[in-house]
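Please find below some notes on the model, set out as numbered points. They are meant to be read with the coordinates open.

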Amino acid sequence: MVVKNNDIVMNLETVLMDLQNAVISQLKITFKFRTLLNRLLNTLRNIDSNFYGRLTKVVNRPENETKMFIFYVEYGKQVVMECSRIKCWNVYKKFVHANNLIRLDNELLWFFQIDVSTSASMRSLIEIYALGEKMDQVLSLVQKRAGGFSGSSSVPGVPDVVIGLDFHLQEVKRALLRDDNQVLTVSAPGGCGKTTLAKMLCHDNEIKGIFGEKIYFVTVSRTTSLKTIVQKLFAYHLNVQQREFQTDEEAKNQLEIMLRQVGSKILLVLDDVWSESESLIQDLKFPIPGYKILVTSRLAFPYNGKFINVPDDLVSKMVKCCKGFPLALTVIGASLRGQSMLKWRSTLKKWSEGQSIFDSSSRLLLSLQSSVDELEYMPIARDCFLDLGSFPEDEKIAASALVDMWVELYNLDEEGMFTIEYLLELSSRNLLSLVPTRKDASELEGYCNEHYVTQHDLLRELAIHLSSRDPIAQRKRLLIEIHGNDIPTWWIEQTQQPIAIRLLSITTDESFSSSWYDLEAPRVEALILNLRSQKYALPHFIRGMNQLKVLNISSCGIYPSELQELPLISYLPNLRRMRFEHVSLSPSIQSMFQLKNLHKLSFIMCEIGNALESVNVDSLPMLPNLVDLEIDRCYNLKEVPAGLCSLDHLEKLSITNCHELDALPKGLGSLSNLEILKLHSCTRLARLPSSIGSLHNLALLDISDCLSISSLPDQIGELNGLRVLKMSGCHGLEELPDSVTRLSSLQDVICDEETSYLWSYYETDLCDLKINVVEEDRFASFMKIVAT
């Protein structure tokens, strides 16, 4: 039956008009979702302008389908009316709601067959699809964290250079295309290249020519359920709106129905299947012509048919030792080609016992070292590269941590401008990678504050190797790795003669019991302690490090490491920069506040609790020369102690990503020298103190993603030195105080589109003001919130 009933047509016209009125009413009462509501209104007006003309295009639709569409539009009206009621702090609900608005607009366009390319009022519609895709990524992330699933809306890419898998690719392809078995399993130990091989197969031109767009890639984890896999296949690969299933049997049946509608020649890749998920393979087998399943696993599932076993003996171990580095694989492979099995095994045994891979291959050393030798005319840049070996393997390094160390070790400028040059120089030579953490960093904030550094494991090993060639007594830097309580013999046997190193790095594992031997290193200027144990006592020998300027204590364990012997820090009179990362602090840290020369103090991902509350500002000098205080991702920080407002010389205060922080001290305005105040992503922070108006030297204020701030204090107009105000993602902000017209020095407001409407009323009063509307990266923002 087709649509010929006038009542249905009238009903459709009525619900569309009701929806349009709902959109208009919401645009009048809220700034939330304004961009999406405006686009939805444009679509509805486009339909309304020629309703009966457009109806002729859909008159042949089944009556049932039209009735369902009317029901969907009525539901869409409810979605629209909820816009003003969505709580700004509920980021997940806000994203889901925005996604519902996008889908509603898409359904309207689809039903009335509106051609986006020819509709003048829909020129920016493509942005909706891009945003919808971004929303799906966010929802995918949430589902992943909830259900143990990780997937992608397309097949993941393949590295530019892959060595040693071409033969196996051809073998897998032949078996997949010629074998009668529906399931093909590639099994091998971890790190042998199973996933890379599967990706190469999916991107192979012959495979794509056979299966086309019907190649579905799913990464399976230990806790993935059948329902979760099917839901993601529906949402991301089959372009069907996400649906819930009551049972695994229902999910299986619905997937089979959908795959049969897709047609024949389907390839489903299940990557990294664990023994716990073995039954999923059988559940996903359906009698569909040309339907194939490729499984990668560390285990062999005997009932699944054909096997391709990637060698797991010496070759796979060699790949692991070479860190997957193409040059290393080529050089080491060539050097061992034609050698006896004994030679292979003895080489691998040496590597497993800690010998550097460079000791076995002078050719590899010379090849990689040539990039470092080219820095001969830039000796500081070369030293900076060698210093990178001081940090743990496979861990990101905050660029600001490197700046803190290099400014003091090499007497660089306080602002770190020369340090940035060295970072960029090393990056341009591919000796490290610079990765931004935020896209909207301003010049006032500093380049390095919003970047971190990564480095290939083999380059890190090169830095360690080059730093360790000289006798210990002649080295500039000493890099020590302790496994368990196995202290190096040279340390235990150390004579009374002190060592003259400037940089000391000590890395310990989770079983280290803090049993320290004495170490005389009075000239050390930078000390890096990398730890993993649940409890960690600072080494007593730091009391003798009178020249120490930089102290970096960082835990790479699962939970913050509990630091003990914190009062030892008070014996470091020349300490200028101190960084704590992922550690648990106790009230004994109060002795640290006696340090008279401390210039910068950072707490990153720390469990602070009441450690700072115990500071007695009446009896202590309270860090008289501190100019930079950084607190980031400290999840249990609920309030900033009032005593910190006595830091008279403080110029930069950064309290970011602290999602339990709900208030700032009333005396914040007493920080009269403060120039930069960063509070971004403190999602529960409800207001700024009225004393903020006393910060006359403040040049930059960042309240981006402070979701709970609903208003700014009137005193903000007294910030006559404010030049940059960053406030994107302040979705709870309903209005601005009229006092903003007195911000005579304000040059840049960086905000999202919704907030820009609030500022548009004051543009004529602020002649130098530039409103910078940034496209909100909802995915990045959400990641920031859930990861802390």
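1. Asn-657 is buried, its relative accessible area being 4%, where buried stands for under 20% relative accessible area, exposed for over 50% and partly exposed for anything in between, with a 1.4 Å probe and protein chains only. Asn-657 sits in the loop that runs between strand 20 (652-656) and strand 21 (676-678), helices (H or I, at least four residues) and strands (E, at least two) being DSSP runs numbered from the N terminus. Its side chain makes a polar contact of 2.9 Å with the side chain of Asp-632; such a contact is a pair of N or O atoms within 3.5 Å, of which, within protein, one must be able to donate a hydrogen and the other to accept it, while residues adjacent in sequence count only if both atoms are side-chain atoms.

2. On provenance, this is a predicted model, in which local features need pLDDT of at least 70 and side-chain atom pairs count only at pLDDT 80 or more, whereas totals for chains, interfaces and linings use all residues. Residues are numbered from 1 along each chain as its sequence is written, and side-chain values use heavy atoms, with hydrogens and water left out.

3. Ile-8, a residue of helix 1 (residues 6-29), is buried at a relative accessible area of 8%. Its C-alpha atom is separated by 7.5 Å from that of Lys-67, although the two residues are 59 apart along the chain.

4. Helix 4 (residues 63-81) has 19 residues and an expected span of 27 Å at 1.5 Å a residue, which agrees with the 28 Å between its end C-alpha atoms; the expected span is 1.5 Å times one less than the number of residues. Among the buried residues of helix 4 are Glu-63, Phe-69, Tyr-72 and Gly-76.

5. Strands 13, 15 and 17 form an open sheet in the order 13-15-17, with parallel pairing. Strand 13 (535-537) and strand 17 (583-584) stand at the edges with a single partner strand each, so one side of each is left without a neighbour in the sheet. Strand 15 (residues 561-564) is joined to strand 17 by 2 bridges, two strands being paired if DSSP finds at least two bridges between them. Glu-562 stands opposite Ser-584 in strand 17.

6. How many disulfides does a search of the whole structure find? The search returns 0, a disulfide being a pair of cysteine sulfur atoms within 2.5 Å. Cys-682 is in no disulfide, and the nearest cysteine sulfur, that of Cys-658, is 5.1 Å away. Cys-682 counts as buried at 0% relative accessibility, and Cys-384 is buried with a relative accessible area of 0%.
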